[in-house]
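Student: I should like to learn how the features of a protein model are read, step by step. May we work through one example together?

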Amino acid sequence: MKEYQKSIQEVLSEFDASRNGLTSFQVDDRQKQYGLNEMDQQEKESPLQIFLSQFKDLLVIVLIVAGFISMATGEIVSSIVIFIVITINAILGTVQTLKARKSLESLSKLSMPHVKVIRDGQLHQIVSNELTIGDLVYVEAGDVIEGDGRLIECANLQVNESALTGESLPQEKQLEVIAGEVGIADQTNMVFSSGLVTNGTGKYIVTKIGMNTEIGKIATMLENAKERKTPLQLTLEDFSKKLTISICVICAIILAMNVIVAHEDIWDALLIAVALAVAAIPEALNSIVTIVLSISTQKMVKEHAIIKQLNAVESLGCVSVICSDKTGTLTQNKMKVMELFLNNEVIKPEMLDVKDHSHDVLLKSCLLCNNAVSNGSTQIGDPTEIALLDLFDRYGEKDADYHVEAIRIKELPFDSTRKMMSINSENHLYTKGAVDVILDRCDQILIHDKKRPITEEDIKLIKEQNESFAKEGLRVLGFAYKTMKPKELSLEDENNLTFVGMVAQMDPPRLESKNAVSKCKMAGIKPIMITGDHIITATSIAKEIGIFEDGDICLEGKELETMSDSALDEILPKVSVYARVAPEHKIRIVEAWQKRNEIVAMTGDGVNDAPALKQSDIGVAMGITGTEVSKDAASMILTDDNFSTIVKAVITGRNVYANIKNSITYLLSGNFSAILAVVFTSLALLPTPFMAVHLLFINLITDSLPAIAIGMEKGKDDVLKQKPRKRDDSILNAKTMIKIGYEGLIIFSGVMAAYFIGLQTSDLMASTMAFSTLCLSRLLHGFSSRGNAPFWKLGKNESSIYAFLTGAVLLVLILFIPNMHGLFSIGPITLTQFFIVVGLSLATFVIVQITKVIQYRG
């Protein structure tokens, strides 16, 4: 028999549970037996698998072949250095990948939802993954169900289970046993993980957790979904293929010319080909990209954004549309009382005065007509009720002598039909609910300390003020009371009431939301609000933070459902707010923008949001309120559920892309100069200017360190002044290729000048001076490649200074320590020759800087 076919007592017995909850001892035992209430993670690659995957790159394969050729030609030292370089790069890539994974695993714990459980007879709030089989969970309106369970108590309980059943309307719950086999939608005495409590209260015994829950099946399907490659991944893959083919073709041509035309020994010719391959390949490129992305993810963690895949950082720079939820993302997710209506006038909360009897009655109603719990910093319950408690507490801070002696005796819970709730104390009945419903039950009104019959003028004034509050986007509750002795309550008691007043609340915008929206628009990104809230509330908030402007459109979910794709596409750019939107509508909005070739970021927190998060280019899950399934489907998790964090992430993404592009430009311009030198000397039948060990030293030390430093360049907010780049924009466009060619040609000129000066002494000195000039020129070029402006306008980058000093010191050690000469195939250099190297290197730097001054428009 299934749980829904059993009585409450049978379920309690089966799971050895009670109405007082589990004991601490039982909890420990069951957590050991059943594990944590978590979705299984995708099987992760082992460190060895990650390490081996670093060798799959085509450029690395070419290097490995070059290493074996060096070994076969007797250049054992060169081959050893090649293999050491490849191994170091693989280790770097592995370490950075593992660090990123560890960061995500440790910080994701911060974003787990919480659940209210009864243990040892006391109500506790715990992290959802600590929930175990047999736990007794208490839920009320606004709570998300964690774990599947059998209800043992419910009062007007309604749960939205559309993620599982496809039915958008909430399910009415009951306790009776259900006979026979029925589907999930008809298991009305059960609740299921991810369900949202929309009304009433209830308690249930947890019967399934983790992957055994019904929603676990959806999580499994999402985990198996194939992920799309990011624009950077596609660009780098394309670049690697083209570069590999080009290297192979050029090497083959040079090899053939040296053997056939110059009649060189085949092994000597192979050595030249190996040198060319090493010169052309940016060995540290993958490691540098990985390190830069990894450093960026660490930085973003501090800014409350967890990036699940390294390459997703760069994709943020492409975002052109951000579809954001309202509650908790653009707003504070905390209701606050903004205004009150008492004694037929509007007042601010700070104007409350308990000496006025009507104020006193309203405050008592806020406290007693309330199921929220507030204990210091811990607040549990419906946000609107927590706001009422906050109002009461704020008044208590003003007048320490004020306290309420009345206590709750009985309750008539809120339900969606009556739209009200009531409780009675020893002398009174207090009622709160929808203003129009409350008014229908009132025959008197309280004005200060006197009751009098309510008039048509009173009712008109109250309704007008209620409508005025609503137009401001405020959520309004009406309050009433009457004198009544304790008794069993019935619905008939909610009549002949005395109207007290209204409380108008709002989930106020986050202070930083307005500035974040402004930055979005400056960056050419369209911010869109998507909410299930009322159209008036949504539009009001959107106007306040700048999303909704004159001429914009607010579209309701019911209009969206009846609208054709062509009609939606026609008005799409003008729609800034979607109100009363169900989660399933989000995917249509995403697809509509993607058809326009826009890059879309979508926020979400529910299971139903998962398809839209997966469909979007950057899915953004809420770390605090988000479900595990939504986090699995997302590319990024916000640990503060804050819209401004997305904007910070976009800034970081654009800066990361700019830094990576500058790093790649730096690497390729230097490599291009080395290629030109090898090709030129081969065609001129001159001695090879570089040995493979020279080029590997340059690529590993004097290239990698400045390239990493460039990647760590501080972000600049002015990247927001640029328009989002398109998905198919190449990282190596025509402008960049011209820049690489021009700067490479300048460095090549300095290197060849040093080569010919050294050639007057010997072939070895030619190679030594060419190597030294290439090395120092590229170290200096690291300062030029930090940005498009002259280096003195780029600000301070300590990493670049340290990279230059490290490379320069190592170069000096190699040149002036005799024991190093044999290892690096160089000859002893005089101070005069060294200063020639320095002069030529500085000349290449100065020429590049002059060009930047001419081109700079800052």
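The dialogue below treats overall make-up, burial, salt bridges, cysteines and surface charge in turn.

Student: What kind of model is this, and how many helices and strands does the protein have?

Tutor: The model is predicted. The protein contains 29 helices and 26 strands. Along its principal axes, the C-alpha trace spans about 115 × 60 × 55 Å.

Student: How should burial be read, and what percentage of the residues count as buried?

Tutor: A residue is called buried when its relative accessible area is under 20%, and exposed when that value is over 50%. Of the 858 residues here, 54% count as buried. Leu-270, in helix H9 (residues 266-280), serves as an example. Its relative accessible area is 16%, so Leu-270 is classed as buried. Leu-270 and Ile-254 stand 16 residues apart along the chain, and their C-alpha atoms are separated by 9.3 Å.

Student: How is a salt bridge recognised, and how many are found in the whole structure?

Tutor: The criterion is a side-chain nitrogen of Lys or Arg within 4 Å of a carboxyl oxygen of Asp or Glu. A search of the whole structure gives 28 salt bridges. One of them joins the side chains of Asp-135 and Arg-119, with an N to O distance of 2.7 Å. Arg-119 belongs to strand S1 (residues 114-119), while Asp-135 sits in the loop between strand S2 (122-127) and strand S3 (136-140); the partners are 16 residues apart. Both Asp-135 and Arg-119 are buried.

Student: Which parts of the chain does the salt bridge of Glu-488 and Lys-410 tie together?

Tutor: The side chains of Glu-488 and Lys-410 meet at 3.5 Å, N to O. Lys-410 is in strand S14 (residues 410-415) and Glu-488 is in the loop between strand S19 (475-483) and strand S20 (497-506), so the bridge ties together parts that are 78 residues apart in sequence. As for accessibility, Glu-488 counts as exposed because its value is 59%, whereas Lys-410, at 36%, counts as partly exposed.

Student: Are Arg-452 and Asp-458 buried or partly exposed?

Tutor: Arg-452 is partly exposed, with a relative accessible area of 31%. Asp-458 is buried, with a value of 5%. Their side chains form a salt bridge with an N to O distance of 2.6 Å. Salt bridges can also share partners, and in this way Arg-19, Glu-153 and Lys-203 are joined into one network.

Student: How should I read the cysteines, and how many disulfides does the search find?

Tutor: A disulfide is a covalent bond between the sulfur atoms of two cysteines. The search of the whole structure finds zero disulfides. For Cys-442, the nearest cysteine sulfur is that of Cys-369, 13 Å away. A disulfide requires the two sulfur atoms to be within 2.5 Å, so this pair does not qualify. For Cys-520, the nearest cysteine sulfur is that of Cys-323, at 11 Å, and Cys-520 is likewise in no disulfide. As to accessibility, Cys-442 is buried at 10%, and Cys-520 is buried at 2%.

Student: Finally, which residues form the positive surface patch?

Tutor: Such a patch joins like charges on residues that have over 30% relative accessible area and no salt bridge. Here, Lys-334, Lys-336, Arg-394 and Lys-398 form a positive surface patch. Of these, Arg-394 is found in helix H13 (residues 383-398). Its relative accessible area is 33%, so Arg-394 is classed as partly exposed.

Conventions:
Residues numbered from 1 in each chain as written. Predicted model: local features only at pLDDT ≥ 70, side-chain atom pairs only at ≥ 80, totals over all residues. Heavy atoms only, no water. Patch = residues over 30% accessible without salt bridge, like charges linked within 9 Å, V, L, I, M, F, W, Y side chains within 5 Å. Areas by Shrake-Rupley, 256 points an atom, 1.4 Å probe, with all protein chains shown as cover. Lys, Arg positive; Asp, Glu negative; His and termini not counted. Charge placed at Lys NZ, Arg CZ, Asp CG, Glu CD. Helix = DSSP H or I, 4+ residues; strand = E, 2+ residues; numbered from the N terminus. Buried < 20%, exposed > 50% of the residue type's maximum accessible area, 1.4 Å probe, protein only.
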